[in-house]
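Reader: I would like a close look at a single part of this model, namely the surroundings of its aromatic pair. Please take it slowly, and set that part in the context of the chain around it.

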Amino acid sequence: MRYRATFACGADCIQLTIQERAKYHYWLFGHYHDNKAIDEKHILLWEQIMRVI
């Protein structure tokens, strides 16, 4: 039942499930044509290049 609910609501629900289960220092993401820090862990990158180790 949980799988159907996650599948039905799309990528946003899948992302929330990953955020709940994963341990990470920073969540780097793009695609939204902007560069800004959403908060201290979530960084939106479009034109910037960052070295990820």
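Author: By the rule applied here, the count of aromatic pairs comes to one. The partners are Y24 and W27, and because their ring centres lie 5.3 Å apart with the planes at 70°, the pair is edge-to-face. In general, a pair of aromatic rings is described by just these two quantities, the distance of the centres and the angle of the planes. The model is a predicted one, and the values that follow should be read as computed from its atoms.

Beginning with Y24, its ring has a further companion in K41, whose charged end sits over that ring at 5.0 Å from the centre. Y24 is also engaged through its side chain, which makes a polar contact of 3.0 Å with the side chain of H42. Y24 is thus described by an edge-to-face pairing with W27, by the charged end of K41 over its ring, and by the polar contact with H42.

Turning to the other ring, W27 is found in strand β1, and because its relative accessibility is 18%, under the 20% cut-off, W27 counts as buried. When residues up to four places away in sequence are not counted, W27 touches Q15, I18 and Q19, and likewise K41, H42 and I43. For E40 the relation to W27 can be given as a distance between C-alpha atoms, which is 9.4 Å for two residues 13 apart in sequence.

H42 deserves its own paragraph, since its side chain is the one in polar contact with Y24. H42 has its place in strand β3, and with a relative accessibility of 16% it counts as buried. Leaving aside neighbours within four places in sequence, H42 is in contact with both members of the aromatic pair, Y24 and W27, as well as with Q19, F29 and A37. Q19 therefore appears in the contacts of H42 and also in those of W27.

The strands that carry these residues belong to an open sheet of three, in the order β1-β3-β2 and with mixed pairing. Strand β1, residues 27-29, and strand β2, residues 36-37, stand at the edges with a single partner strand each, so one side of each has no neighbour in the sheet. Strand β3, residues 42-44, runs antiparallel to β2 and is joined to β2 by two bridges, with A37 standing opposite I43 of β3. A37 is a contact of H42 as well, and I43 is one of the residues touched by W27.

As for the wider setting, the protein chain holds two helices and three strands, which run α-α-β-β-β from the N terminus on. Buried residues make up 11% of its 53 residues, and W27 and H42 are among them. Of the contacts between residues at least 6 apart in sequence, 2% join residues at least 24 apart. The chain exposes about 5200 Å², of which carbon and sulfur atoms supply 57%. An exposed residue may serve as a counterpoint: E47, in the segment after β3, counts as exposed at 66% relative accessibility, and its C-alpha atom is separated by 7.9 Å from that of H33, 14 residues away along the chain.

Key: Residues numbered from 1 in each chain as written. Predicted model: local features only at pLDDT ≥ 70, side-chain atom pairs only at ≥ 80, totals over all residues. Heavy atoms only, no water. Pairing = 2+ DSSP bridges. Helix = DSSP H or I, 4+ residues; strand = E, 2+ residues; numbered from the N terminus. Phe/Tyr/Trp six-rings, centres within 6.5 Å; stacked < 30°, edge-to-face > 60°. Buried < 20%, exposed > 50% of the residue type's maximum accessible area, 1.4 Å probe, protein only. Lys NZ or Arg CZ within 6 Å of the ring centre and 35° of its normal. Contact = heavy atoms within 4.5 Å. Areas by Shrake-Rupley, 256 points an atom, 1.4 Å probe, with all protein chains shown as cover. Polar contact = N/O pair within 3.5 Å; in protein donor to acceptor, adjacent residues only side chain to side chain.
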